[in-house]
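Thanks for coming, everyone. I would like to walk you through one model today, starting with charged pairs and ending with the way two helices pack.

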Amino acid sequence: VAEHSKSPRYGFLIDASLCIDCRTCMVACSVENKVSMETTRIWIEETGITGSFPNLKRYTVPYHCMHCKDPSCVSACTVGALRRNDDGIVTYEQDICIGCRYCIYACPFEVPNYEWDEPLPLVVKCDMCAVRLGEGQQPACASTCPTGAIRFGKYEDMLEEAHRLINERPDKYVQHVYGEEENGGTATLYISPVPFEELGFPTVGATSTAYSNRLITEGTPMVAGAMLVGMTGIYLTIKHFRDEAARERREAEQEKAAAGVKEES
Amino acid sequence: MMAQKMLHELRTMPRFIYILVLIAGFGLTIGLYRMLVGLGDTTNLSKAFPWGIWISFDLAVVALSGGAFTLAALVYVFQFEDLHPATRPTVLAGLLGYSAVMVILLFDLGRWDRFYNVFLHPNLSSALFEVSWCIAAYSLILIYELSPVLLERSRWSRLLPTIKKYTVPIVIIGVILSTMHQSSLGTMFVIMSPRLHALWSSMLLPVFFLVSSFASGISLVIAGATVSYWLFGRSLKVKTIAKLGWFLPWILGFYLVLKFGELIIANELDLLFSSGVYSLLFWTELIVGIFTPMLLFAFKGARHSRVASLLGAFLVMGGVVLNRFDVTWFSMTPVSGEMYTPHWMEVAILLGVAAALITVYSLVARYFPVYEETASFKQRSEEPARLKQAAAGED
């Protein structure tokens with residue numbers, strides 16, 4: 001049941017302190033992947049305006065698929081349209097999707113988007129620009145971000161860099177790498193100057209919800225087998241006793257009848 | 001001649017059938033419109049609430065249809081033969097319930113045009129895969145179980161002995177498939193646990209769903225028999241209904257023990273009073289759907305009264321339906337404060353399918369030998385006096 005999934009090959013490191021809300025990443029993603037800006041694969045989460053005048057603050061951060069090590073959406077998808085590939089990228093095969101939208105509910109990070117206004121809609125989610133990766137390029141969002149808020153590289157490097165940054169500047173960063181533990185660990189990592197809840201990030205436990213799901217779904221065949229044996233057994237046992245009782249009754253009646261015949265003679 | 005006969009039939013049809021057909025027609029028209037324009041304009045579904053009232057309805061109907069496998073297990077496996085007359089109406093209700101669920105699901109699927117991918121691309125760890133496969137397979141089994149009703153008076157009746165011969169193994173497979181999908185519907189929400197309020201979220205959800213489907217299924221049999229007694233004069237004997245009612249306090253009691261046991265172990269008892277609306281919903285489920293009917297069906301007098309057992313059955317069904325709505329809708333934490341209320345078209349489609357369901361049930365119950373126990377008084381219907389006598393003797 002436990003998924004011994006490989007550590008992801010690639011990772012994002014997204015730094016909320018560097019985002020200036022220019023939305024270049026959203027435009028780049030929309031162009032690269034040919035999705036409308038309404039349902040783009042990347043969007044901006046923010047704290048809203050905080051503090052009191054004149055010391056106002058507002059933090060923003062780009063947000064997209066976390067690419068979990070043990071993704072809940074992959075476990076939930078009815079038809080296996082969502083998969084985690086060997087590089088640790090969670091991909092979506094749009095020709096298989098039946099539109100049940102279970103992935104949208106299952107994702108603890110509230111990531112998958114849906115083309116609500118299409119007559120035949122599809123799920124919209126980040127695939128790390130797999131095509132660009134194949135050509136040796138960075139994902140569109142990372143390569144266009146003007147401030148370097150979105151960085152992309154080897155997962156181990158990104159994780160190391162995240163820890164280096166928050167250790168070096170404990171005054172600047174919250175001491176938490178969001179995504180290191182969340183939902184069993186993810187390939188997308190965040191560091192932030194404000195608590196992640198304030199950015200609107202969901203609080204997610206360290207065990208993937210996919211794990212508790214598998215605990216049950218993968219135990220089901222055993223339950224079914226046990227029921228088959230159990231119910232057949234119950235049926236045969238009850239039938240046996242009932243037949244036995246019927247036979248005894250019949251014999252008793254026959255004896256009685258025989259006794260009756262004897263008396264008459 | 002034929003047309004005249006049909007016209008006569010139509011005229012003698014109860015008035016409510018016409019109203020139901022109208023509602024069904026309207027709902028299905030809206031349904032076609034939804035198929036053409038997509039979900040955006042016709043529903044209030046959103047990223048925050050990707051599932052709405054349709055899913056709540058589906059889960060409620062599946063739970064109510066649970067009577068079919070509960071009863072099949074009691075009659076064929078545990079061999080409570082005196083319950084046999086209740087199986088036909090229940091299997092019919094089950095089959096129609098599942099058909100309605102499948103129709104609604106087709107409206108719900110974004111890519112309804114390739115629903116068959118469920119069968120071509122199974123994902124074994126998905127609870128929804130398990131639900132859809134089991135429901136599809138189980139519907140075939142329900143058709144098998146129901147086939148004697150449809151074939152009995154036709155020229156295919158010579159198939160009956162063969163069908164009867166394989167009934168027990170087929171029933172056993174049906175019971176397993178039902179157990180699996182009734183519980184998997186609960187499993188579906190385990191993966192969503194971060195979204196579900198703690199009073200409902202639990203690893204035991206599959207067990208809760210299974211046990212409550214026994215109760216709601218049996219209640220539907222009781223309620224259906226009583227209602228059709230008033231509408232068509234065809235029903236089950238009070239003795240059979242009383243016997244069915246006898247099971248309810250046990251099932252409900254077991255559910256109660258499980259539910260509170262889980263809350264105690266998870267150390268969530270304080271939520272019972274501290275969660276505002278959620279506490280209220282939870283207590284409504286418990287008091288209306290469990291405590292009250294449990295007490296009611298514990299009395300022999302109540303079990304033998306058509307009115308009391310109808311009331312009790314409605315309470316249980318109401319409780320289970322509320323439970324399914326709570327799990328699928330009311331207890332879902334809204335993302336970014338976004339709430340969901342259904343679009344009128346969602347409701348119209350739902351009502352349309354529900355109306356079609358009740359229409360077909362009524363028609364089948366009218367023309368086919370669904371209620372065996374009272375079939376005798378249909379045959380005597382040429383003699384109204386004896387009919388009355390029979391009806392009087394019935395109670």
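Let me begin with one pair: Arg132(A) forms a salt bridge with Glu32(A), the closest N and O atoms being 3.5 Å apart, where a salt bridge is a side-chain nitrogen of Lys or Arg within 4 Å of a carboxyl oxygen of Asp or Glu. This pair links distant parts of the chain, with Arg132(A) in helix α4 (residues 130-134) of chain A and Glu32(A) in helix α1 (residues 24-33) of chain A, 100 residues apart. When I name helices and strands, I mean DSSP runs numbered from the N terminus, with H or I over at least four residues for helices and E over at least two for strands.

Before going further, a word on the basis: this is a predicted model, in which local features need pLDDT of at least 70 and side-chain atom pairs count only at pLDDT 80 or more, while totals for chains, interfaces and linings use all residues. Residues are numbered from 1 along each chain as its sequence is written, chains are lettered from A and ligands numbered from 1 in the order in which they are written, and side-chain values use heavy atoms, with hydrogens and water left out.

Is Arg132(A) buried or exposed? Arg132(A) counts as buried because its relative accessibility is 14%, buried meaning under 20% relative accessible area, exposed over 50%, and partly exposed in between, with a 1.4 Å probe and protein chains only. Its partner Glu32(A), at 26% relative accessibility, counts as partly exposed.

Over all chains, the structure holds 19 salt bridges, and I will take two others from chain A. In one of them, Arg58(A) pairs with Glu46(A), and the closest N and O atoms are 2.7 Å apart. Arg58(A) lies in the loop between β2 (43-46) and β3 (60-63) of chain A and Glu46(A) in strand β2 of chain A, so this salt bridge ties together parts that are twelve residues apart in sequence. Both residues count as partly exposed, Arg58(A) with a relative accessible area of 39% and Glu46(A) at 33% relative accessibility.

In the other, Arg164(A) forms a salt bridge with Glu161(A), the closest N and O atoms being 2.9 Å apart. Here both residues lie in helix α6 (residues 155-168) of chain A, three residues apart, which is about one turn of the helix. Arg164(A) is partly exposed, with a relative accessible area of 38%, whereas Glu161(A) counts as buried at 16% relative accessibility. Salt bridges that share partners also join Asp21(A), Arg23(A), Glu46(A) and Arg58(A) into one network.

Arg23(A) brings me to the backbone. Its phi is near 65 degrees, a positive value in a residue other than glycine, and its place is in the loop between β1 (10-15) and α1 of chain A. Just after α1(A), Lys34(A) takes a positive phi of about 55 degrees. Within α1(A) itself, Cys25(A), Met26(A), Ala28(A), Cys29(A), Ser30(A) and Asn33(A) are buried. Please also note the peptide bond from Phe53(A) to Pro54(A), which is cis, with omega near 5 degrees; Pro54(A) lies in the loop between β2 and β3 of chain A.

Now to the interior. Which residues touch the most other members of the largest nonpolar core? Of its 143 residues, these are Tyr102(A), Trp51(B), Met188(B) and Phe189(B), a nonpolar core being a set of buried Ala, Val, Leu, Ile, Met, Phe, Trp, Tyr and Cys residues joined through side-chain atoms within 4.5 Å. Helix α10 (residues 205-232) of chain B gives the most to this core, with eleven residues.

Finally, the helix pair. Helix α3 (residues 53-64) of chain B and helix α15 (residues 306-330) of chain B pack at an angle of about 145 degrees, with their axes 9 Å apart; the axes are lines fitted to C-alpha atoms, for helices over the stretch in contact, and angles run from 0 to 180 degrees between N-to-C directions. The contact (heavy atoms within 4.5 Å) is made by residues including Phe57(B) and Leu59(B) of α3(B) and Phe325(B) and Trp329(B) of α15(B).
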